[in-house]
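Hi everyone, thanks for making time. I'd like to walk you through a structure that will be new to most of you, so let's put it up on the screen.

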Amino acid sequence: KGKCPEDGWDESTIELFLHELAIMDSNNFLGNCGVGEREGRVVSGLVARRHYRLIHGIGRSGDISAVQPKAAGSSLLNKLTNSVVLDVIKLAGVRTVTSCFVVPMATGMSLTLCFLTLRHKRPKAKYIIWPRIDQKSCFKSMITAGFEPVVIENVLEGDELRTDLKAVEAKIKALGAENILCVHSTTSCFAPRVPDRLEELAVICANYDIPHIVNNAYGVQSSKCMHLIQQGARVGRIDAFVQSLDKNFMVPVGGAIIAGFNESFIQEISKMYPGRASASPSLDVLITLLSLGTSGYKKLLKERKEMFSYLSSELKKLADNHNERLLDTPHNPISLAMSLKNLDETNDAAITQLGSMLFTRQVSGARVVPCGSVQTVNNYTFKGFMSHANDYPCAYLNAASAIGIKKQDVDVFLKRLDKCLKTFRKEAKQEKSINEISDSNAATEQLED
């Protein structure tokens, strides 16, 4: 049926299935005589076993989704993977998606592929409208494709950074719709930035007949992000949305899914990919989804939501204990931010030092964001880089509840963060005492004089 099984398969069944696919490829035929330049020859047995002897990759020179006559098993693997992944995207909330394919590139390069495909449809266009998100790969995806990003600064609403719709529309009018390749929006992101107003952006794109590409990097695991994409496609225009394999399905880095609501456009993107491609990302995600089944993946999504609530409540308690606060970002379903105002006032270098302390204590993924840092990316200078705004009101720390996180991860993180913050408070108290003694001594000397 080409759907993800409800109950996961055991490893022996999956391996048997993969071996059956592998013996359908010509390089594994008994008596095969290969006289071409690409015959699936592998000198290392370890490498062959690592890939289950599926050596030919996927696609043909003109289309990553095409069938290879001498690699029937690898071609079937490719078709099945795309079909199973489409089923899971529907399960996760985008029910009207019609087509998708796995591409052996991470999210940034996959976005570039989408932009390059649009170039042929809009030859006059040179600009991409991009509500700002301080993440280098999605910015560089536009530069690499040869377009000029038009950065739309976010607006501060409470603690949240949200899409400035008026600025988007004003820029479209100023530049001319025919000169704009697309609007490049974002769902999953670091708090205090929250997902873009996808429905409103989709309506604007439909009204001005401008394509709309969504960076949904780790949004598959969030029902809220997937709902935004579904609603955007329902009320307006979304041409394609791109998501990472590793962040959403817990497989090695190196693959992404390009999906959309117009099958012919998604096929155009797949034909834009030059040459054949590695089958490894497709193989990894197929094995993972077959082992989980829909019931297993749903369970992981449910656990992630529960851990988000737990992380949120516990981080709030810790923040209160240190006279800080958990920033109020209800529209962000994955990432949280805790202010570091007291730390920032204590010492200019303290913010980055906290990040180093956490990393050396084996806390990975937590981001500390100082105020006012400036960074240049491809000759574009961003003020307040990493905070998604020129002047965010305070320094802060990020933590995320992503798929696969466990209660133990949250508890250990909070314990180590608490210890680091106490160290800073202790040092600040000692420094204050030293300063008070110095001031007292100076005052005594003045009196004696």
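Let's start with the pocket. Domain 1, residues 11-292, and domain 2, residues 297-435, both give residues to the lining of the largest pocket, so that pocket lies between the two domains. Before I go on, please keep in mind that this is a predicted model.

How big is the largest pocket? Its volume comes out at about 920 Å³. It is lined by 39 residues, and the closest to its centre are Phe 190, Ser 364, Gly 365, Ala 400 and Ala 402.

Which element gives the most to that lining? That would be α14, with 6 residues. If you want to find the elements on the screen, look for α4 (107-121), α9 (245-249), β14 (396-400) and α14 (407-448), each of which supplies at least two lining residues. As for the chemistry, sorting the lining by class gives 20 nonpolar, 14 polar and 5 charged residues.

Okay, let's zoom out. The protein has 449 residues, and 51% of them are buried. You can count 14 helices and 14 strands. Taken along the principal axes, the C-alpha atoms fill a box of roughly 105 × 55 × 40 Å.

Now the cysteines. How many disulfides does a search of the whole structure find? The count is 0. Take Cys 4, for instance: the nearest cysteine sulfur belongs to Cys 100 and is 12 Å away, and Cys 4 is in no disulfide. Cys 4 is also buried, because its relative accessible area is 7% and the cut-off for buried is under 20%.

Cys 225 is in no disulfide either; there the nearest cysteine sulfur is that of Cys 189, 7.5 Å away. A disulfide needs the two sulfurs within 2.5 Å, so that pair doesn't qualify. Cys 225 is buried too, with a relative accessible area of 1%.

Next, have a look at Asn 27. You'll find Asn 27 in the loop between α1 (11-22) and α2 (45-50). Is Asn 27 buried or exposed? With a relative accessible area of 17%, Asn 27 counts as buried. What does its side chain touch? One polar contact, of 3.3 Å, joins the side chains of Asn 27 and Asn 28. Another, of 3.2 Å, links the side chain of Asn 27 to that of His 56.

Last topic: some backbone details, which are worth finding on the screen yourselves. There is a cis peptide bond between Ala 191 and Pro 192, with omega at about 10°. Pro 192 sits in the loop between β6 (180-186) and α7 (198-208).

Then there are residues with a positive phi that are not glycines. Tyr 52 is one of them, with phi at about 55°, and its place is the loop between α2 and α3 (72-92). Gln 362 is another, with a positive phi of about 65°. Look for Gln 362 in the loop between α13 (350-360) and β11 (367-369). Gln 362 counts as exposed, because its relative accessibility is 68% and the cut-off for exposed is over 50%.

If you take one picture away, make it the pocket that lies between domain 1 and domain 2, with α14 giving the most to its lining. That's it from me, thanks for listening!

Methods:
Residues numbered from 1 in each chain as written. Predicted model: local features only at pLDDT ≥ 70, side-chain atom pairs only at ≥ 80, totals over all residues. Heavy atoms only, no water. Buried < 20%, exposed > 50% of the residue type's maximum accessible area, 1.4 Å probe, protein only. 1 Å grid on protein atoms, 1.4 Å probe; cavity = no way out; pocket = protein on both sides within 12 Å on 5 of 7 lines; lining within 4 Å. Points joined across faces, edges and corners; volume = space filled by probe spheres on them. Helix = DSSP H or I, 4+ residues; strand = E, 2+ residues; numbered from the N terminus. Nonpolar A, V, L, I, M, F, W, Y, C, P; charged D, E, K, R; others polar. Domains from an automatic or database assignment. Polar contact = N/O pair within 3.5 Å; in protein donor to acceptor, adjacent residues only side chain to side chain.
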